[in-house]
Amino acid sequence: MKRIISTLLLFVVLIAAFQGLASADEIRPISVFIDGIMFETDPPATILNGTTYVPLLPLCEVLGAEVNVLENGSDITYVISSEVTNKKLELAYGDDFIKVNGKIVKIAVPPVLNMVWTETNEKVAVVPIKIVVEELGGVVLWDEKGGRI
């Protein structure tokens, strides 16, 4: 019986490893700099299908924005407020839009990805850095040669 369980476990591990290799070209880590300072987070900034995602709370902390979490049953909405730019963003799982000062803005990528387990076993929400930074009045530049933002 132990041998069957061990064999099944090995099979599951191998399948997971091969699936990871198949999608490796779609997901990759990237270096992010904010005002010339390396922005390091857990989990790290990651490019997924051409969009760079970063953890929401550390990003907003660096930008000086406040984050509130609204939970309604299984629905979670993140409300980001910046007193500096007088902007309020609302991002929710599963939406194809965000709200900027109450107005709906359509976007091409999910505004919030499912929570990611970090090395410290905490769940964090990751968001597209370009959408959040630009909607709060910042600028995002891509350094293709250096492979960084």
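This text describes a sheet and two pockets in a predicted model.

The sheet is considered first. It is an open sheet of 5 strands in the order 6-7-8-9-10, and the pairing is antiparallel. Its edges are formed by strand 6, residues 66-72, and strand 10, residues 103-106, each of which pairs on one side only. On average, neighbouring strands of this sheet are turned by 25° against each other, direction ignored.

The pairing at one edge can be followed residue by residue. Strand 6 and strand 7, the latter comprising residues 75-82, run antiparallel and are joined by 7 bridges. Glu66 of strand 6 stands opposite Ser81 in strand 7. Glu71 likewise has a partner across the pair, standing opposite Ile76 in strand 7. Strand 6 and strand 7 form a hairpin with 2 residues between the strands. In this hairpin, Gly73 takes a positive phi near 65°.

Attention now turns to the empty space in the model. Rolling a probe the size of a water molecule over the atoms reveals where such space is left.

The largest pocket has a volume of about 340 Å³. It is lined by 16 residues, and those closest to its centre are Phe33, Ile34, Asp35, Val133 and Val139. Three elements each supply at least two residues of this lining: strand 2 (33-34), helix 2 (56-63) and helix 3 (129-135). Helix 2 provides the largest share of the lining, namely 3 residues. Sorted by class, the residues that line the largest pocket are 12 nonpolar, 2 polar and 2 charged.

The second largest pocket has a volume of about 260 Å³. Its lining consists of 14 residues, with Gly50, Thr51, Thr52, Lys130 and Ile149 lying nearest the centre. Strand 5, which spans residues 51-55, and helix 3 each contribute at least two residues to this lining. Which element gives the most to the lining of the second largest pocket? Helix 3 does, with 3 residues. By class, this lining has 10 nonpolar, 3 polar and 1 charged residues.

Helix 3 thus appears in the description of each pocket: it supplies at least two residues of the lining of the largest pocket, and it gives the most to the lining of the second largest pocket. Within the residue range 129-135 of helix 3, Val133 is among the residues closest to the centre of the largest pocket, while Lys130 is among those nearest the centre of the second largest pocket.

Conventions. Residues numbered from 1 in each chain as written. Predicted model: local features only at pLDDT ≥ 70, side-chain atom pairs only at ≥ 80, totals over all residues. Heavy atoms only, no water. 1 Å grid on protein atoms, 1.4 Å probe; cavity = no way out; pocket = protein on both sides within 12 Å on 5 of 7 lines; lining within 4 Å. Points joined across faces, edges and corners; volume = space filled by probe spheres on them. Helix = DSSP H or I, 4+ residues; strand = E, 2+ residues; numbered from the N terminus. Nonpolar A, V, L, I, M, F, W, Y, C, P; charged D, E, K, R; others polar. Pairing = 2+ DSSP bridges. Axes fitted to C-alpha atoms, helices over the stretch in contact; angles between N-to-C directions.
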